[in-house]
Amino acid sequence: MTTPAPDRRSRWTRKIEADPGHSHWYVERFRRMRADGADLAGEARMVDAMLARGSRVLDAGCGPGRVGGELHRRGHVVVGVDVDPVLIEAAEQDAPGPTWLVEDLVELDLPARGVAEPFDAIVCAGNVMTFLAPGTEVEVLRRLGAHLAPEGRLAVGFGAGRGYAFVQFFADVEVAGLRLDLALSTWDLRPFTPESDFLVAVLRRA
Ligand SMILES: C[S@@+](CC[C@H](N)C(=O)[O-])C[C@H]1O[C@@H](n2cnc3c(N)ncnc32)[C@H](O)[C@@H]1O
């Protein structure tokens, strides 16, 4: 008897297969929030503060380009990658300028896509880690680390209670060859404590 291969489709992909309207709903939700004047740039402001002007940034799991689009407007050279083609199409429409690519982070190999240079920062915001295929987190972190410049940093933010415990993430960071530089509980720099219900981790290559 053969063992079935593990399902490497991201949780997001499974969600949109079950509900094909979900991606369009998500795009429209953020369009409405922007039209209503909501502040959607908190993550980008923190990452921008970490960077020299005109840096190279990868928005990993970029969705419709909310974070990468803002970093582009702030003068950085941005590449955004997402597994959902509907969201990448929205990013191209709503946030022109960066390079937006459809790709699964578990297979991330940007030199193979003609994007050769490493990144000064990678941002992985909006609970992306909790939407990966279960069991692929180390591989995704390892691939993100491989795309960082030697002194580059990776900022990852996700919430508690979404099936990926913070302690597991901290263990996976080490297995993936990364090191935790800073743990915060918000993108506006409040400290992380054992009671925090959100984590913003700043990582670098070990
Ligand atoms: C809640 S959205 C956040 C989008 C964006 N980062 C933001 O903060 O606005 C989660 C995103 O993770 C992406 N995602 C989940 N698993 C992925 C994977 N394995 N590879 C690439 N993108 C993935 C989804 O397609 C979706 O766009």
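This passage walks through the sheet and the salt bridges of a predicted model.

A good place to start is the sheet. Strands of a sheet pair through backbone hydrogen bonds, in either a parallel or an antiparallel sense. Here, 7 strands make up an open sheet, and following them across gives the order β3-β2-β1-β4-β5-β7-β6, with mixed pairing. Strands β3 and β6 sit at the edges, each pairing on one side only. From one strand to the next, the twist averages 20 degrees. One parallel pairing is that of β1 (residues 56-60) with β4, which extends over 3 bridges. Within these strands, D59 stands opposite V123 in β4.

Helices also pack on this sheet. Helix α5 (residues 85-94) touches β2 (77-82) and β3, and its direction makes about 170 degrees with that of β3. Helix α6 (residues 137-146) touches β1, β4, β5 (148-159), β6 and β7, and its direction makes about 145 degrees with that of β5.

Attention now turns to the charged side chains. Side chains of opposite charge can pair when their charged atoms come close. The structure holds 18 salt bridges, and three of these pairs, described below, show how varied the settings can be in sequence and exposure.

The pair R73 and E70 has its closest N and O atoms 3.3 Å apart. Both residues belong to helix α4 (residues 66-73), where they are 3 residues apart and therefore separated by about one helical turn. R73 is exposed, at 52% relative accessible area, whereas E70 is buried, at 15%. This pair is also part of something wider: D48, R53, E70, R73 and R74 are linked in a network of salt bridges.

A second salt bridge joins R113 to E103, with 2.6 Å between the closest N and O atoms. Both residues lie in the loop between β3 (99-102) and β4 (119-124), and the pair links distant parts of the chain, 10 residues apart. R113 counts as partly exposed, with a relative accessibility of 40%, while E103 is buried at 12%.

The third pair brings the story back to the sheet. R204 forms a salt bridge with D181, and their closest N and O atoms are 2.7 Å apart. Because R204 lies in strand β7 (residues 198-205) and D181 in strand β6 (residues 178-184), the pair ties together parts that are 23 residues apart in sequence. In this case R204 counts as buried, at 17% relative accessibility, and D181 is partly exposed, at 32%.

Terms used. Residues are numbered from 1 along each chain as its sequence is written. This is a predicted model: local features need pLDDT of at least 70, side-chain atom pairs count only at pLDDT 80 or more; totals for chains, interfaces and linings use all residues. Side-chain values use heavy atoms; hydrogens and water are left out. A salt bridge is a side-chain nitrogen of Lys or Arg within 4 Å of a carboxyl oxygen of Asp or Glu. Helices (H or I, at least four residues) and strands (E, at least two) are DSSP runs, numbered from the N terminus. Buried means under 20% relative accessible area, exposed over 50%, partly exposed in between (1.4 Å probe, protein chains only). Two strands pair if DSSP finds at least two bridges between them. Axes are lines fitted to C-alpha atoms, for helices over the stretch in contact, and angles run from 0 to 180 degrees between N-to-C directions. Contact means heavy atoms within 4.5 Å.
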